[in-house]
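Let us walk through this structure by way of its helices, beginning with a loop and then turning to the packing of the helical core elements against one another.

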Amino acid sequence: MHTPTRPQSQRPEDERLGLPANILYGFQHVLTMYGGIIAVPLIVGQAAGLAPAEIGILIASCLFMGGLATLVQTLGIPFFGCQLPLVQGVSFASVATILAILTSGGDLPSVFGAVMAAALLGLLITPVFSRIIRFFPPLVTGSVITTIGLSLMPVAAHWAMGGNAKAPDFGSTANIGLAAVTLAIVLLLSKLGNATVSRLSILLAMALGTLIAWAADMTDFSRVADGPTFALPTLFHFGLPEFHPAAILSMFIVILVVLVETSADILAVSDIIKTPINSRRLGDGLRADMVSSLIAPAFGSFTQSAFAQNVGLVAVTGVKSRFVVATSGVILLVLGLLPVMGRLIATVPAAVLGGAGLVLFGTVAASGIRTLAKVDYEDGMNLIIVATSVGFGMIPIAAPQFYNHFPDWVATIFHSGISSTAIMAILLNLLFNHLKRGNPDRPSVFAAGTRPYSR
């Protein structure tokens, strides 16, 4: 018997807010992830010994490719794109491996070849990942969402202190004060009764925070006009890709991490906006990630994945429309073609991003806690699953050097608190809730501890 499906127009993510709202909320998404998307080309460009002008091209390439990947993910084409409000961009998970390739005698063509080959392998195995959705109950997704928020807190703190640990004013009261003012503006605007102002509180706070920074001589608009206004991306600008087995194998481990993190992000945002996800839709999202990563090196970019901080923005604003995020994809494309716009957005001080990030990333953690509230903890082993998974995910956040003496593949997989939590939560959920043979008849001390207290 055929089960009727809910009309496409009734899905929360299909809400249409109109062009002005799409542009405003789209810019808010771009501002939220801009620092993250330019961080990778900045780090890689410096490690590869590129001149400043070449690093600028690398940044523009990553912005352009992020926009293209976002459009594929949000609007979707047959077999590609989950049609959810997920902003795509270059994945930070690849940085360590890219640097390892560069420091071991490789160059950017070697990196691009490794990304292309590994992404092709990832594309071939996405059917496996798309069929494991039943192993992602609220127990797993809640743990991962909580860890996503907590793992981003050091980023917010780093931004609030100034963003550059080598700068003489890093951690100064001026930077932290600017972050505090930005946070206060977010809270004040959120308190106002106007729903539109409340939803735009992050964007408005960033704009006001930047103006305050300008008045306090903490940012400079004078160099916005320096450099070209318009520049088309050039295919294989840094050379044709080179394929080396060792580099490909190392990058494939990164691709596995990206698949785990993207699965978690897709399930997280679907839970936040209350829309159902099946294995086909999850697979379409993963395939979009992999095909974007496959073609990214042609434009001078790297592995692509969803940005966790923008999942937080969806949660904090309540704007569920995928067309808003598609608009942010168009803005990223434009920024990739208009370096002058990128230079303008780059004037937003890191401290301003830090003040807004505290709310954004905290909202992600709060969303995870809300998801975990749905879990039945009484007379079961769910408490120890959550405790171990979240605790395991906190290790690389609390002690970034924890895996320094392990093999590179171990460090690559577990250096991310998000992937660490996801892997542990999935394995423990299988062990205790699916493979029940050997479980004690009477609850353990962990299960007993979940029972309500009696007076």
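A residue counts as buried when its relative accessible area is under 20%, as exposed when that area is over 50%, and as partly exposed in between. Phe236, in this predicted model, has a relative accessibility of 30%, and therefore counts as partly exposed. The residue is found in the loop between α8 and α9 (245-273), and its phi is near 50 degrees, a positive value in a residue other than glycine. A positive phi also occurs at Gln83, where the angle is near 55 degrees and the residue is again not glycine; Gln83 has its place in the loop between α2 (52-75) and β1 (88-90).

From these loops we may turn to the packing of helices. Two packed helices are described by the angle between their axes and the distance between the axes. Helix α5 (residues 138-160) and helix α14 (residues 350-372) have axes that come within 7 Å and cross at roughly 165 degrees. Since angles over 145 degrees count as roughly antiparallel, α5 and α14 are roughly antiparallel to each other. Their crossing is left-handed, and the contact of α5 with α14 comprises, by class, 20 nonpolar and 11 polar residues, with no charged residues.

Helix α14 also packs against helix α8 (residues 201-215), at an angle of about 160 degrees and with the two axes 9 Å apart. This pair, α8 and α14, is therefore roughly antiparallel as well, and α8 passes α14 in a right-handed crossing. On the α8 side the residues that meet α14 are Ile202, Ala205, Met206, Gly209 and Thr210, and on the α14 side their counterparts are Val352, Leu353, Ala356 and Leu360. Divided by class, the residues of this contact are seven nonpolar and two polar, with no charged residues. The spacing within such a list can be read against the geometry of the helix: an α-helix has 3.6 residues a turn, so residues three or four places apart point the same way.

What is the angle at which α5 packs with helix α15 (residues 382-398), and how far apart are their axes? The angle is about 25 degrees, and the axes of α5 and α15 are 10 Å apart. That makes α5 roughly parallel to α15, because angles under 35 degrees count as roughly parallel. The crossing of α5 and α15 is right-handed. From α5 the contact takes in Leu139, Ser143, Thr147, Leu150, Ser151 and Pro154, while α15 contributes Asn382, Ile385, Val386, Ser389, Val390, Gly393, Met394 and Ile397. By class, the contact of α5 with α15 has eight nonpolar and six polar residues, and no charged residues.

One of the α5 residues in that contact, Ser151, can be followed further. Is Ser151 buried or exposed? With a relative accessible area of 15%, Ser151 is buried, and, when residues up to four places away in sequence are not counted, Ser151 touches Ile397 and Ile418.

Another contact with the sequence region of α5 is reached from helix α17 (residues 417-434), where Ala422 has its place. At 0% relative accessibility, Ala422 counts as buried. Leaving aside neighbours within four places in sequence, Ala422 is in contact with Val144 and Val260. The C-alpha atoms of Ala422 and Ile145 are separated by 9.4 Å, although the two residues are 277 residues apart along the chain.

A further buried position lies in helix α3 (residues 95-103), which holds Thr97. Thr97 counts as buried at 4% relative accessibility. Thr97 and Val111 are 14 residues apart in sequence, and their C-alpha atoms are 8.9 Å apart in space.

Burial can finally be considered for a whole helix. Helix α10 (residues 279-295) has 17 residues and reaches 24 Å from its first C-alpha to its last, which is close to the 24 Å expected at 1.5 Å a residue. How many of the 17 residues of α10 are buried? The number is 12, so α10 is largely enclosed by the rest of the structure. The buried residues of α10 are Arg281, Leu282, Gly283, Asp284, Gly285, Leu286, Arg287, Ala288, Asp289, Met290, Ser292 and Ser293.

Technical notes. Residues numbered from 1 in each chain as written. Predicted model: local features only at pLDDT ≥ 70, side-chain atom pairs only at ≥ 80, totals over all residues. Heavy atoms only, no water. Axes fitted to C-alpha atoms, helices over the stretch in contact; angles between N-to-C directions. Helix = DSSP H or I, 4+ residues; strand = E, 2+ residues; numbered from the N terminus. Parallel < 35°, antiparallel > 145°, perpendicular 65-115°, else oblique. Left-handed = near helix turned anticlockwise from the far one by under 90°. Nonpolar A, V, L, I, M, F, W, Y, C, P; charged D, E, K, R; others polar. Expected span 1.5 Å × (residues − 1). Buried < 20%, exposed > 50% of the residue type's maximum accessible area, 1.4 Å probe, protein only. Contact = heavy atoms within 4.5 Å.
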